[in-house]
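Biologist: Please take a close look at one sheet in this model. After that, carry on to the parts around the sheet and to the place where the chains meet.

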Amino acid sequence: MAGLELLSDQGFRIDGRRPHELRKIQCRLGVFNQADGSAYIEQGNTKVLAAVYGPHEIRGSKSKALHDKVLVNCQFSMATFSTGERKRRPRGDRKSQEMTMHLQQTFDAAIQTTLYPRSQIDIFVEVLQSDGGNYCASVNASTLALIDAGIALRDYVCACSSSFINDTPITDINYLEESSGSPEIIAATLPKSEQIVFLLMNGRLHEDNLSRVTDMAVKGCKDIHDILDQVVRDHVSEVSTVHGWEN
Amino acid sequence: MVDVQLSDAEKVFILHGVQDNCREDGRGCEDYRHLEMETNVMSNTNGSARVRLANTDILVGVKAELGVPNPEKLDKGRLEFFVDCSANATPEFEGRGGEDLATEISNMLYRAYDCPNCFNLKQLCVIPKSQCWILYVDVLLLECGGNLFDATSLAVKAALFNTSIPKVTVTRDEGLEELEISDDPYDVQRLDMKASPCIVTLNKVGHSHVVDASQKEECCTLARVIMGVTEKGTITALKKEGSGSLDPTSIEDMMETGRRVGESLNKCLMKALGEEERHGTKKKSLGFLR
């Protein structure tokens with residue numbers, strides 16, 4: 001795009017961030033009363049709601065029940081007004097189904113599945129406003145919702161994206177940077193053990209730069225973990241004060 | 001509707017309460033529950049609103065696009081409603097589970113806004129016979145706490161009130177018409193929502209009827225009347241729903257109550273919207289972070 005510099009000579013991106021800076025993250029746990037766990041996250045202009053139901057009995061066909069693990073059922077849906085151009089269908093298209101599968105794989109690795117055999121955990125994600133990093137915000141929101149629901153996790157799951165523009169790795173890319181044609185790496189990690197549970201790459205990236213860009217994404221995940229951890233601790237201390245538990 | 005399981009004894013308790021004009025949460029038969037409304041919550045829409053009526057949470061986004069008008073109404077714009085029941089509300093809405101409810105609500109909205117006096121579609125016309133604004137009103141149901149129709153119509157009215165459509169200048173050049181859409185965020189056209197309807201649902205519980213039924217009260221109703229009422233008390237749509245049957249006199253009573261409640265509901269909503277507008281940009285948009 002002519003005249004639109006993704007990374008200026010002074011090292012500023014389109015929205016004024018430095019290459020290693022994340023977007024502003026604001027979140028809240030326990031948004032809805034009906035769901036067992038719910039969370040809302042705003043990463044820059046991307047707004048995502050997640051609701052968790054479970055663990056409960058398998059709905060639908062009992063044949064899907066796993067005798068030794070829990071069945072993780074996800075649904076990824078985008079509001080029709082979430083994108084710049086109006087979306088015709090909120091879910092059911094190829095991209096949403098792919099996202100659903102990715103979320104399922106990610107949380108299958110993070111939830112302690114052996115603790116809930118023959119049961120089902122539902123994770124429903126709704127994207128209210130999309131400005132890049134849909135998968136990352138969905139994973140972060142789902143982690144918070146799972147914590148709010150009290151489901152046993154191995155660790156937080158934090159996701160972050162990164163790209164490579166003008167020989168510089170940049171972190172937490174927005175929609176303009178995503179659609180500019182630069183390579184994109186999305187990583188979801190378990191921050192304490194620094195294990196990667198999900199890794200996806202779009203575009204073309206030279207092998208020599210791969211480790212730099214992946215490290216950038218993993219570092220972004222660690223930073224997001226610090227933010228989410230603080231939010232959870234604040235929420236718990238607030239709830240415990242309201243309920244009168246001992247400090 | 002999403003149902004809760006109630007025993008017979010609980011149903012009798014609710015019935016007796018309604019008879020004495022004291023419902024289970026202390027309200028009278030014509031009182032609404034705690035209602036919260038906020039507009040301009042989504043920044044990439046032309047207008048948006050979020051309404052929280054006790055446990056019912058509705059988010060509406062309005063997007064405006066230029067398009068071809070309806071061949072039967074060439075000098076008028078179009079209003080398209082789309083309702084999506086999110087699985088966040090209940091796992092039964094997963095996939096296509098919520099489509100029946102969504103179709104019901106969107107059809108009721110179409111019916112309520114079909115009246116020519118309540119929403120003037122001529123204000124959406126750009127070039128008669130060839131171009132007009134199409135307003136896509138998208139409703140997202142996030143949580144079900146009873147009384148979905150009312151909450152949805154309030155959110156839709158608030159979102160349409162909040163909608164700002166960029167002004168279009170038409171230049172005629174050698175027989176070709178060119179449209180220029182203004183880039184200025186303050187050079188916009190607002191919609192006149194004074195006469196738009198709100199939907200009021202009246203549920204028949206025992207021998208009397210209640211407004212704004214909670215989920216438990218909806219479980220006890222066999223029949224309900226859903227009507228679209230404007231600020232002046234005009235009824236724009238009427239629908240009787242449910243497996244029970246109603247006496248014509250009951251329907252008349254319910255219509256009277258609905259008209260009265262609808263008038264005051266519209267007035268309250270317009271007053272609240274006016275106040276919010278007056279605060280302008282001084283108020284920070286909270287959305288779900290509240």
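Modeller: In this predicted model, chain B holds an open sheet of 4 strands, ordered 12-11-13-14, with antiparallel pairing. Its edges are strand 12 (208–211) and strand 14 (235–241) of chain B, each of which pairs on one side only. Direction ignored, neighbouring strands of this sheet are turned by 20° against each other on average. Strand 13 of chain B, residues 223–229, is joined to strand 14 of chain B by 6 bridges in the antiparallel sense. Within strand 14 of chain B, the residue opposite B:Met227 is B:Leu238. Helix 2 of chain B (residues 99–112) lies across strand 11 (198–205), strand 13 and strand 14 of chain B, and runs at about 150° to strand 14 of chain B.

Chain A also has an open sheet of 4 strands, in the order 7-6-8-9, and the pairing there is antiparallel. Strand 7 (168–171) and strand 9 (195–202) of chain A each have a single partner strand, so one side of each is left without a neighbour in the sheet. The average turn between neighbouring strands of this sheet is 25°, direction ignored. Strand 6 of chain A (residues 158–165) runs antiparallel to strand 7 of chain A, and 4 bridges join them. A:Ser163 stands opposite A:Ile170, which is in strand 7 of chain A. Two helices can be placed against these strands. Helix 1 of chain A (residues 94–110) lies across strand 8 (184–190) and strand 9 of chain A, at about 165° to strand 9 of chain A. Helix 2 of chain A (residues 134–149) lies across strand 6, strand 8 and strand 9 of chain A, and its angle to strand 6 of chain A is about 160°.

A residue to note in chain A is A:Asp172, found in the loop between strand 7 and helix 3 of chain A. A:Asp172 is not a glycine, yet has a positive phi of about 55°. Most residues other than glycine have a negative phi, and most peptide bonds are trans. The side chain of A:Asp172 also forms a salt bridge with that of A:Arg23, at 3.2 Å from N to O. A:Arg23 belongs to the segment before strand 1 (25–29) of chain A, whereas A:Asp172 is in the loop leading to helix 3 (175–178) of chain A, so the pair ties together parts that are 149 residues apart in sequence. Over all chains, the whole structure has 31 salt bridges. A backbone exception of another kind is the peptide bond from A:Gly54 to A:Pro55, which is cis, with omega near -5°. A:Pro55 is part of strand 3 of chain A, residues 46–57.

In chain B, B:Ser182 sits in the loop between strand 9 (176–181) and strand 10 (188–190) of chain B. Leaving aside residues up to four places away in sequence, B:Ser182 touches B:Pro166, B:Lys167 and B:Asp187. The side chain of B:Ser182 is in polar contact with the side chain of B:Asp187 at 3.0 Å, and reaches the backbone nitrogen of B:Asp184 at 3.3 Å. B:Ser182 and B:Glu143 are 39 residues apart along the chain, and 37 Å separates their C-alpha atoms.

That leaves the contact between the chains. Here 36 residues of chain B are in contact with 34 residues of chain A. The area buried between chain B and chain A is about 3000 Å², with 51% coming from carbon and sulfur atoms. Of the area that chain B buries against chain A, 22% is supplied by B:Asn88, B:Phe288 and B:Leu289, more than by any other three residues. Between chain B and chain A there are 3 salt bridges. A:Arg86 forms a salt bridge with B:Asp138, with the closest N and O atoms 2.7 Å apart. Polar contacts between chain B and chain A, with both residues at pLDDT 80 or more, amount to 20 residue pairs. On the side of chain B that touches chain A, the elements giving two or more residues are strand 3 (56–67), strand 4 (78–85) and strand 6 (131–143) of chain B. The largest share, 6 residues, is that of strand 3 of chain B. By type, the residues on this side of chain B comprise 16 nonpolar, 10 polar and 10 charged.

Terms used:
Residues numbered from 1 in each chain as written. Chains lettered and ligands numbered in written order. Predicted model: local features only at pLDDT ≥ 70, side-chain atom pairs only at ≥ 80, totals over all residues. Heavy atoms only, no water. Contact = heavy atoms within 4.5 Å. Buried area = accessible area lost by both parts, 1.4 Å probe. Salt bridge = Lys/Arg side-chain N within 4 Å of Asp/Glu carboxyl O. Polar contact = N/O pair within 3.5 Å; in protein donor to acceptor, adjacent residues only side chain to side chain. Nonpolar A, V, L, I, M, F, W, Y, C, P; charged D, E, K, R; others polar. Pairing = 2+ DSSP bridges. Axes fitted to C-alpha atoms, helices over the stretch in contact; angles between N-to-C directions.
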